Amino acid sequence: MQKNKFTISRATIWISSIVLGLLSSIPQFAQHQFNAAEAAVNAGITATFALVMWYVNLFMMSRQSTSAPRQQTISYTRLLSSLLVGLVVMLALACIQQLILSHINFGPTMLMVEVRGILINLVFYMFLHLLQQNYENQRVTMELERIKSDNLGAQYELLKQQINPHFLFNSLNTLKAMVETGDQEAIDFIIKLSNFYRFTLESRKLDLIHVSDEMDILNAYLFLQKARFDGGFTFTNKLDNTILQTLIPPFTLQLLVENCIKHNVVSLQKPLHIRIYMENNKIVVENQVQLKAGDNNSLGVGLQNIDLRYHHLLNQHIDIINDQKIFQIKLPVIHEHHHH
């Protein structure tokens with residue numbers, strides 16, 4: 001994980017130091033014999049101390065960040081080092097103040113000056129520590145989000161590459177049976193099968209395609225399945241031209257219809273009815289429930305695939321409704337402006 005340098009703006013350092021210097025001179029304004037020179041020297045000494053300690057603490061923080069991993073707890077070693085440096089700096093500045101204001105007996109006020117320096121240093125240290133931890137937490141959060149996004153992207157790319165081999169095997173078996181029986185639709189079957197896998201190659205690298213293109217894929221798939229099941233199911237499409245111009249992840253409708261056929265009884269005696277229509281700005285794929293024996297209709301790879309793709313693209317999930325009589329999948333409509 002790459003580490004970026006933690007910094008404080010120069011404006012913050014200088015303005016805060018000057019403000020602390022001015023605040024330290026406020027008590028002198030309350031004295032009966034106000035001395036502007038003494039107030040100015042006192043403010044200058046305090047501001048200089050604050051300025052020096054800003055850079056000392058920042059330097060010590062940068063040294064720690066390069067030598068060892070940052071910790072969430074306070075480093076007492078660094079704190080004591082900062083306080084010790086602060087005492088030495090304040091002592092040196094106090095001596096300078098004594099040289100400038102030699103008429104003042106500075107001995108009794110030395111303790112007060114040192115205490116002031118300790119308090120200023122503690123405030124700076126705690127402020128920088130909290131700011132640093134907040135910065136680190138945000139950086140780690142952003143890095144985790146980036147990793148999560150990369151993982152989702154990788155998963156999504158894998159999902160787009162999935163092709164159901166069972167469908168190919170079943171289609172080839174159906175074609176074999178048609179050829180053996182001399183079925184006149186065998187040539188059309190070969191063309192539709194070729195078209196379906198051409199759609200697969202063209203669309204699998206795309207995030208979204210128009211619903212009209214998806215319907216071309218679905219119609220090719222349905223032709224192949226009707227040849228296999230010979231009237232064992234019906235399909236009704238109620239989508240208008242407006243919806244056909246919206247977007248959808250490729251092979252979404254095909255996977256949903258494939259799930260309908262895979263999990264339910266498909267026969268001439270009990271035909272399966274599949275419908276696609278619009279409802280409340282969602283595309284609905286619906287079929288009556290007539291499960292095959294031993295099929296618990298669990299959410300398999302197909303539905304998980306579709307749900308993950310919608311979550312990746314729109315941060316939304318598909319709706320799955322099953323009242324044991326009617327099974328519905330509701331897909332959010334994706335308009336062009338959502339995609340852009």
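This is a short tour of a predicted model, stop by stop, with a selection to make at each one.

**Stop 1: the negative patch**

Start by selecting Asp183, Glu185, Asp188 and Asp230. These residues gather on the surface in a patch of negative charge. Now zoom in on Glu185, which sits in the loop that runs between helix H6 (165–181) and helix H7 (186–203). Glu185 has a relative accessibility of 41%, so it counts as partly exposed.

**Stop 2: a salt bridge within helix H6**

Stay with helix H6 and show the side chains of Lys176 and Glu180. The two form a salt bridge, with 2.7 Å between the closest N and O atoms. Both residues belong to helix H6 and are four residues apart, about one turn of the helix. The geometry behind this is general: an α-helix has 3.6 residues a turn, so residues three or four places apart point the same way. Colour the pair by accessibility and you will find Lys176 partly exposed at 48%, while Glu180 is exposed at 56%.

**Stop 3: salt bridges between strands**

The structure holds four salt bridges, and two others are worth a visit here.

Select Glu279 and Lys330. Their salt bridge has its closest N and O atoms 3.0 Å apart. Glu279 is in strand E4 (residues 272–279) and Lys330 is in strand E7 (residues 326–332), so this pair ties together parts that are 51 residues apart in sequence. How exposed or buried is Lys330? With a relative accessible area of 14%, Lys330 is buried, whereas Glu279 is partly exposed at 29%.

Next, select Lys282 and Asp319. In this salt bridge the closest N and O atoms are 2.4 Å apart. Here too distant parts of the chain are linked: Lys282 lies in strand E5 (residues 282–288) and Asp319 in strand E6 (residues 319–322), 37 residues apart. Lys282 is partly exposed, with a relative accessible area of 23%, and Asp319 is also partly exposed, at 29%.

**Stop 4: helix H10**

Finish by selecting residues 252–263, which make up helix H10. Try a distance between the C-alpha atoms at its two ends: they are 17 Å apart, which agrees with the 16 Å that 12 residues should span at 1.5 Å a residue.

Then switch on a surface for the surroundings. How many of the residues of H10 are buried? The count is 11 of the 12, so the helix is largely enclosed by the rest of the structure. Among the buried residues are Leu253, Leu255, Leu256, Val257 and Ile261, and also Gln254, Glu258, Asn259 and His263.

Key. Residues numbered from 1 in each chain as written. Predicted model: local features only at pLDDT ≥ 70, side-chain atom pairs only at ≥ 80, totals over all residues. Heavy atoms only, no water. Patch = residues over 30% accessible without salt bridge, like charges linked within 9 Å, V, L, I, M, F, W, Y side chains within 5 Å. Areas by Shrake-Rupley, 256 points an atom, 1.4 Å probe, with all protein chains shown as cover. Lys, Arg positive; Asp, Glu negative; His and termini not counted. Charge placed at Lys NZ, Arg CZ, Asp CG, Glu CD. Buried < 20%, exposed > 50% of the residue type's maximum accessible area, 1.4 Å probe, protein only. Expected span 1.5 Å × (residues − 1).
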